[in-house]
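Biologist: Could you take me through the metal site in this one, close up? I'd like to know what holds the metal and how that spot sits in the fold as a whole.

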Amino acid sequence: MLIAAGVFLFLVVPPRPARLDTSGWAELSARTVSGAYHIHTTRSDGIGDKAAVAAAAGRAGLKFVILTDHGDGTRPPDPPAYLEGVLVLDGVEISTDEGHYVALDMPRAPYPLGGAAEAVVEDVARLGGFGIAAHPDSPKAALRWTNDRAPVDGIEWLNADSEWRSASRRQQVRAGLAYFLRPGPALATLLDRPAALDRWDRRAAVRPVVALAGADAHGGVGQRAEDTSRSLSGMIGIPSYEASFRAFSNRVILDRPLAGNPVDDARAVLGAIRKGSVFTAIDALAGPALLDFRVEGGLTRAGMGGAFPGDSDATLTARALLPRGAELVLRHSGQEIGRTTNGELRRSLNDAQGVYRVEVSLPDAPGVPPVPWIVSNPIYVGLSSAAPGASLARPAPAPSGGIAPFPWRIEKDASSGGILRTSDHQVSLEYKLGEGPRNSQFVALATDLQHPSFGALELSLAGDRPLRVSVQVRRADGGRWGRSFYVDPAGTSLRIPLSTLRPIGGAALAAVSPTDVTSILLVVDLANATPGGSGTLRVLASALVR
Ligand SMILES: [Zn+2]
Ligand SMILES: [Zn+2]
């Protein structure tokens with residue numbers, strides 16, 4: 001019986017992570033700082049508070065954690081702090097119409113962020129935050145990031161929750177049994193090489209995108225605001241934060257080691273993430289992971305995440321501390337172009353260009369195809385070096401005539417109120433959304449059209465505070481198309497081609513034909529305001545143009 005149990009455990013339980021000798025790597029090792037990103041606490045649907053998360057991270061050997069509780073950005077983020085010796089950073093995971101978007105390093109938003117993915121991406125960028133498309137591979141459609149157009153700053157190439165959901169029942173049972181003996185490695189047996197890696201490669205070819213690994217740690221079954229089918233085992237507290245943190249981590253490479261001051265250290269860690277000086281390691285397989293990846297030529301040098309001009313001769317160097325049997329793999333625009341087992345790869349780049357990144361593969365890594373042990377961020381050679389997060393919407397030119405101005409009136413739900421004032425061809429709407437529970441409260445400025453022929457709307461709008469307003473057109477049968485726009489207190493001029501408006505309300509409407517439009521609406525609703533919210537929206541100018 002004991003022998004049978006022993007054989008069973010031998011077959012089921014994955015080995016301990018291989019320990020690597022870091023002698024000779026002291027300098028890089030001191031600047032390589034590991035942490036967990038994408039963590040939920042009791043503030044949303046996790047089961048532990050900040051102190052519990054920090055303590056678990058400390059036990060797992062991590063130096064920082066990035067909390068990402070669900071929210072709309074209107075809660076001020078907690079200032080960075082050291083708890084239990086671990087740097088705790090506070091972010092937010094925002095729900096959009098096209099999946100979840102994590103914002104880091106962002107001040108409090110002036111209105112609730114939500115609605116179309118592109119609107120949220122734009123808002124996070126304007127507020128100075130760093131935004132990451134969460135779990136793009138999630139088997140659960142409501143969670144999955146599906147937008148491939150919006151200029152996101154980062155993407156989760158790996159997400160533990162997606163990996164567990166897509167593992168087979170057999171894998172899940174084995175991992176569940178092994179969990180009680182070796183939690184971190186047991187969770188890692190559910191990983192494989194995710195499709196999100198290819199999606200990332202395609203996006204990074206267009207503009208820099210930083211890849212991170214999302215723990216999506218909840219500490220096991222929590223309040224489950226989002227979904228009740230997530231748990232590995234259905235048991236409270238499994239997988240624990242500590243087990244999640246022992247499975248894999250993000251390792252930022254800093255200019256100097258952390259100093260112990262939370263504000264300075266937060267700036268260093270977030271600065272490294274922003275510039276892509278970060279790689280992922282599956283710590284449950286081997287560790288500690290160390291990676292030196294750079295391109296040098298003449299007086300120029302680019303580290304991981306950086307850009308290198310393409311017009312000069314340059315040498316690419318990748319060095320990693322390798323476990324037995326491991327291979328260092330160089331990829332160019334997603335395709336493998338070289339591999340070695342000796343821990344160092346050099347290549348001269350004669351006017352070559354493209355996106356270069358490295359992976360380290362291990363012979364016994366889990367998954368079909370197997371998950372890479374290390375995934376670097378790229379070095380962009382000979383491409384535009386537009387920094388992630390720099391893509392703000394361009395202001396449109398001021399309205400240039402056309403059919404002007406509309407006679408506006410108010411539409412609203414029964415619980416909300418609005419007062420319309422007109423002076424000097426300017427219209428101002430004082431709105432107050434109904435209090436109480438969310439019940440589709442809205443206040444809108446509306447105007448009616450008769451057989452119009454126009455290609456675009458020109459609007460000059462202002463608010464008494466930063467607002468996001470949905471500009472919509474409506475057909476006689478009630479079908480609506482629209483898009484939301486940021487409105488600045490100092491005024492925002494918009495030119496909105498009709499063809500850029502999207503169907504509203506899930507109806508499978510074709511593109512809108514201008515002659516069908518019977519009304520234009522400027523809507524303040526719960527997508528970007530709260531029940532009871534009030535303010536003033538001013539229309540400085542409005543016109544229909546060809
Ligand atoms: Zn999520
Ligand atoms: Zn999450």
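Modeller: Let's get the overall fold down before zooming in: the protein chain has 10 helices and 33 strands. Keep in mind that this is a predicted model. The radius of gyration is 26 Å, and the globule rule gives 24 Å for 546 residues, so the chain is as compact as a globular protein of that length. Along the principal axes, its C-alpha atoms fill a box of roughly 85 × 60 × 45 Å. Of the 546 residues, 53% count as buried. Contacts reach a long way along the sequence, too: among those between residues at least 6 apart, 73% join residues at least 24 apart.

Now for the metal. The zinc ion (ligand 1) is coordinated by three residues, at 2.0 to 2.2 Å: Glu93 through OE, His100 through ND1 and His135 through NE2. If you want to find these donors in the sequence, look for the spacing E-x6-H-x34-H. His100 sits in strand β6 (residues 99-104), while His135 is in the loop between β7 (130-133) and β8 (154-159), so the two histidines tie together parts that are 35 residues apart in sequence. Are these histidines buried or exposed? Both His100 and His135 are buried; the cut-off for that is under 20% relative accessible area.

There's a second zinc to look at as well. The zinc ion (ligand 2) is 3.3 Å from the zinc ion (ligand 1), and Glu93 coordinates both.

From the metal site, you can follow β8 to another part of the fold. This strand is included in what covers the buried residues of helix α8, along with β9 (210-217), β20 (354-361), β21 (374-375) and β22 (379-381). Helix α8 (residues 196-204) has 7 of its 9 residues buried, so it is largely enclosed by the rest of the structure. Its buried set takes in Ala196, Leu197, Trp200 and Ala204, and also the charged residues Arg199, Asp201 and Arg203.

For contrast, try Gln171, which belongs to helix α6 (residues 169-179). Gln171 counts as partly exposed because its relative accessibility is 28%. Leaving aside neighbours within four places in sequence, Gln171 is in contact with Thr189 and Leu190. Thr189 is 18 residues from Gln171 in sequence, and their C-alpha atoms are 7.6 Å apart.

As for the outside, the accessible surface of the chain comes to about 23,000 Å², with 53% of that belonging to carbon and sulfur atoms. On charge, the chain has 56 positive and 55 negative side chains, and the centres of the two sets lie 2 Å apart.

How values were computed: Residues are numbered from 1 along each chain as its sequence is written. Chains are lettered from A and ligands numbered from 1 in the order in which they are written. This is a predicted model: local features need pLDDT of at least 70, side-chain atom pairs count only at pLDDT 80 or more; totals for chains, interfaces and linings use all residues. Side-chain values use heavy atoms; hydrogens and water are left out. Helices (H or I, at least four residues) and strands (E, at least two) are DSSP runs, numbered from the N terminus. The radius of gyration is taken over C-alpha atoms; the globule rule is 2.2 Å times the number of residues to the power 0.38. Buried means under 20% relative accessible area, exposed over 50%, partly exposed in between (1.4 Å probe, protein chains only). Contact means heavy atoms within 4.5 Å. Accessible areas come from the Shrake-Rupley method with a 1.4 Å probe; for residues, only the protein chains shown count as cover. The place of a charge is taken as NZ of Lys, CZ of Arg, CG of Asp or CD of Glu. Donors are N, O and S atoms within 2.8 Å of the metal (3.2 Å for Na, K and Ca); water is not among the atoms, so sites may look incomplete.
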